[in-house]
Amino acid sequence: MEKRTVVTEFGEYVEYSNHGYVVHGSHFCIDAYQYVAADQEWLFCPACNLKPKVWCFDNGRSTACGCWNDRYDIFSIKDESIMSVYTRTGGTSEYDGDGLRKNWNKYCESGIVPCSHEMLRAEGKW
Ligand SMILES: [Zn+2]
């Protein structure tokens, strides 16, 4: 987490950021993101201290927490979507339905992003 002092004409304040996203105390994402079931199995974001909301659909899986720049520019952990697995392998046996939670918890424990859009794209996945 990075810290900087922001100076404005009204005074100054300290702003924290996480991988380039401003740390806030609440979620701010599109309604497609939903609170997770069994949230005790999901760790708290080490930057904003929130549990993530998740968006899982055929063509994508991603998280949203309190680290964001605006509603459409959010810090997000990813995992390969089921359609990507199907397209790549011709089936779904390699699909890990718990993969997004595992990636999220890896991030929470290490601070390192284990899976992003860029990482997936580089492997021909999404
Ligand atoms: Zn966060």
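The paragraphs below lead through a predicted model of a protein chain, from its overall make-up to a few single residues.

The chain as a whole is the place to begin. It holds three helices and nine strands, and a reader who follows the sequence from its start meets these elements in the pattern β-β-β-β-β-β-β-β-β-α-α-α. Along its principal axes, the C-alpha trace of the chain spans about 60 × 30 × 30 Å. Of the 126 residues of the chain, 28% count as buried. When contacts between residues at least 6 apart in sequence are considered, 48% of them join residues that are at least 24 apart.

The next step is to see how strands are arranged into sheets. Strands of a sheet pair through backbone hydrogen bonds, and this pairing is either parallel or antiparallel. One open sheet of this model has three strands in the order β1-β2-β3, and its pairing is antiparallel. Its edge strands are β1, which covers residues 2-8, and β3, which covers residues 21-22, and each of these pairs on one side only. Strand β2 runs through residues 11-18, and β1 and β2 pair in the antiparallel sense over seven bridges. As an example of how residues face one another across this pairing, K3 stands opposite Y16 in β2.

Between β2 and β3 there is a loop, and H19 is found in it. The backbone of H19 deserves a look, for this residue has a positive phi of about 50° although it is not a glycine. With 15 other C-beta atoms within 10 Å, H19 is partly exposed.

Another open sheet has four strands, placed in the order β4-β5-β6-β9 with antiparallel pairing. Which strands stand at the edges of this sheet? They are β4, made of residues 34-35, and β9, and because each has a single partner strand, one side of each is left without a neighbour in the sheet.

It helps to cross this sheet strand by strand, beginning at β4. The pairing of β4 with β5 is antiparallel and has two bridges, and within it Q34 stands opposite V54 in β5. Strand β5, residues 53-57, then pairs with strand β6, residues 60-64, in the antiparallel sense over five bridges. These two strands form a hairpin with two residues between them. Across the hairpin, K53 stands opposite A64 in β6, while C56 has R61 of β6 as its bridge partner. Finally, β6 pairs with β9 in the antiparallel sense over two bridges, and here R61 stands opposite D79 in β9. R61 thus appears in the pairing with C56 and also in the pairing with D79.

How much of β6 is buried? Four of its five residues are, and therefore β6 is largely enclosed by the rest of the structure. A38, which lies in the loop between β4 and β5, offers a contrast, since this residue is exposed, with 7 other C-beta atoms within 10 Å. A38 also has a positive phi of about 50° although it is not a glycine.

From the sheets the path leads on to S81, which sits in the loop between β9, residues 78-79, and α1, residues 82-89. Is S81 buried or exposed? S81 is buried, because 22 other C-beta atoms lie within 10 Å, and a count of 20 or more is what makes a residue buried. If its neighbours within four places in sequence are left aside, S81 is in contact with D58, N59, G60, R61 and W126. By contrast with these contacts, S81 and V113 are 32 residues apart in sequence and 17 Å apart in space, taken from C-alpha to C-alpha.

The last stop is the interior of the model. The largest nonpolar core has 19 residues, and those with the most contacts inside it are C48, C65, C67, W68, I74 and F75. The largest share of this core, three residues, comes from helix α2, which covers residues 99-110. W68 shows how one member of the core is surrounded: apart from its neighbours within four places in sequence, W68 is in contact with Y21, V22, H24, F28, C29, D73, I74 and F75. Two of these partners, I74 and F75, are themselves named among the core residues with the most contacts, and Y21 and V22 belong to β3, residues 21-22, an edge strand of the three-stranded sheet.

Methods
Residues numbered from 1 in each chain as written. Predicted model: local features only at pLDDT ≥ 70, side-chain atom pairs only at ≥ 80, totals over all residues. Buried ≥ 20, exposed ≤ 12 C-beta atoms within 10 Å, placed from the backbone. Contact = placed C-beta atoms within 7 Å. Core = buried A, V, L, I, M, F, W, Y, C linked by C-beta atoms within 7 Å. Pairing = 2+ DSSP bridges.
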